[in-house]
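Biologist: I'd like a close look at one part of this protein, the aromatic side chains and who they pair with. Could you walk me through it slowly, at bench level?

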Amino acid sequence: MLILDINNLKKYYGYRLILDIKDLKVYSGDKIGLVGLNGSGKTTLLNLISKEINPEEGTIRTTMEPFYIKQLEDSPNKEVDKEYMSKFGLKDKNEQFMSGGELTRLKIAKFLTDDRKFLLADEPTSNLDFEGINLLIEKLSKFDGSMIITSHDRDLLDKVCNKIIEIEDGKIKIYEGNYSDYKAQKELEKKTQELEYEKYIREKERLQKALIDTKQNLEKIRTTPKRMGNSEARLHKMGGQVNRKKQDNKVKAIAKRIEKLEVKDKVKELEKINLDIRGKEIFSKIVIEGKDITKAFGKRILFKNSDFQIYNKSKVGLIGDNGTGKTTLLKMILENAPNINISKKANIGYFSQNLNILDENKSIIENLLELSCLEQEARDILARFLFKRDDVYKKVSVLSGGEKVKVSLAKILLNNFNILILDEPTNYLDIYSIEAVEEALIDYDGTLLFVSHDRRLIEKVADTIMVIENNKINTFQGTFNEYNNKALVNDSNDKDLLYRRAILENKLSEVIGLLSISKNDEEKEKLDLEYQKILKELNEIK
């Protein structure tokens, strides 16, 4: 069944053509992930489909009204199924006092309560913790309608989507499969394009050389040797006219072949973002240490009597459910709270979710030049974040959320920091920028402490996991995968113990039942011994 039909759509912002879509059809069962650079038009497309804005040209036809989960706006005011309120941990909570993650959960709960079979979602995992993301993936995987989602969560795009639509230079291209399939197809396209470009350049150079050689031969024919007599010169001229005509035709034929040669474009390479350490080197083994840390808001305890150590040049991923105190702990470190010791040579760069280091009324380049750096130095780092030429003169106030994040990161990196503390650095970034930042953080040679709900970012970057759970700060020396594997083993062991305990308790009940009805002293003695044995084993595993 056809759900969405777009034809000859054009959308402008000022004189800039944002979207130019000739044809797009979405059918029942299509689960589409939208990908593209920040500002490429992903959210604009969702707003067009939902009829919140109108195109300058073309038609958009939907056969059913979509449910739209927006990134930065409130969701529709409607009753939510109590089951979903409970599943998403929202029972008895007032919307007015909900955190960002809880508001996102509420939007998803409202969608699940609704019976519409067409979903539009703009970054639905923003502000969600791992539990919330897993629950969303589970529900979307089972959703039997159609959906179009923008998301920087590669796990979600892999586990939920069966198609990927890429937006580049206003045009769309559809790829079958999930995000990993899309990446594989893009890599194949890139290799094919590189081979075609190399072949095109070789053929063009061969023809250009042939053209030069032919023109040189033609020039030789036109020149009469100096020692020839008049009669010889006349014969040379007559014979030369024939050869000259042949060479002229050959020149024209080669020039025509060059003109008709199909031009192959060079592969566009996204520039790599390098995080340069500019601060003084720290030689101490431990750069940040907390001893007997306690933090509470009224009666609500975040963590109590906790210790932690952050080693020099380690990359620490700080994880925990929403509301456990991750951002609070970062702020305590930055404020040098009691019982937190920081190396005297530490110069900490902090990236926060509120992007408060940017002046909205200034341009991108002006924000960076506040640091008294050279303009070329500022331009170099902005180019790594894909802000080039006149882009740097854009006012911060007109930038998308992802673009503001990149400018904030650029501003932090131009300072002389030797420790980076990043609070959700990839929120609102497009996938390409996330992967570029990911590579940069992997190559970074300083100390890094970061909070993220991007599973793959933590998997690839962190070599230490710090987790806040059950009002404690615990540290695991190892990668995120190793941490999860250990947790699975522990969980499995716990399940085995529960299973063993249940069996022993059943046996104990049986033995007590037999003891109560047995009249044989010898049998009673055996049952009593078995009772003592089972009781001892139960006490050992409790």
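To start, how many aromatic pairs does the count come to?

Modeller: Keep in mind that this is a predicted model. The count comes to eight aromatic pairs. Let me take you through two of them.

Start with Y197 and Y200. Their ring centres sit 6.4 Å apart, and the ring planes make 45 degrees, so this pair is tilted. To be called stacked, planes have to be under 30 degrees apart, and edge-to-face needs over 60, so 45 degrees fits neither label. Both tyrosines belong to helix α6, which covers residues 179-222. Y197 and Y200 are three residues apart there, or about one turn of the helix. Their surroundings get separate labels, with the cut-off for buried being under 20% relative accessible area. Y197 has 23% relative accessibility, so it counts as partly exposed. Y200, at 11%, counts as buried.

Now go along the chain to F480 and Y483. Here the ring centres are 6.3 Å apart and the planes are at 15 degrees, so the pair is stacked. Once again the spacing is three residues, about one helical turn, this time in helix α14 (residues 480-517). F480 is buried, with a relative accessible area of 1%. Y483 is buried too, at 17%, because the label applies to anything under 20%.

F480 and Y483 also belong to a wider group: ring pairs link them with F130 and F476 into a cluster. If you have the viewer open, put F130, F476, F480 and Y483 on screen together to see that cluster.

There's one more ring to look at, and this one involves a charge. K406 lies over the face of F387, at 5.5 Å from the ring centre.

For a bit of context away from the rings, have a look at the open sheet made of three strands. Its order is β2-β1-β4, and the pairing is antiparallel. β2 (16-27) and β4 (57-62) are the edge strands, each with a single partner, so one side of each has no neighbour in the sheet. From one strand to the next, the twist averages 15 degrees. Strand β1 (residues 2-13) is joined to β2 by ten bridges, and K10 stands opposite D20 in β2. Helix α1 (residues 42-49) packs on this sheet and touches β1, β2 and β4. The direction of helix α1 makes about 120 degrees with that of β1.

Methods
Residues are numbered from 1 along each chain as its sequence is written. This is a predicted model: local features need pLDDT of at least 70, side-chain atom pairs count only at pLDDT 80 or more; totals for chains, interfaces and linings use all residues. Side-chain values use heavy atoms; hydrogens and water are left out. Two strands pair if DSSP finds at least two bridges between them. Helices (H or I, at least four residues) and strands (E, at least two) are DSSP runs, numbered from the N terminus. Axes are lines fitted to C-alpha atoms, for helices over the stretch in contact, and angles run from 0 to 180 degrees between N-to-C directions. Contact means heavy atoms within 4.5 Å. Rings of Phe, Tyr and Trp (its six-membered ring) pair if their centres lie within 6.5 Å; planes under 30 degrees apart count as stacked, over 60 as edge-to-face and the rest as tilted. Buried means under 20% relative accessible area, exposed over 50%, partly exposed in between (1.4 Å probe, protein chains only). A charge sits over a ring if NZ of Lys or CZ of Arg is within 6 Å of the ring centre and within 35 degrees of the ring normal.
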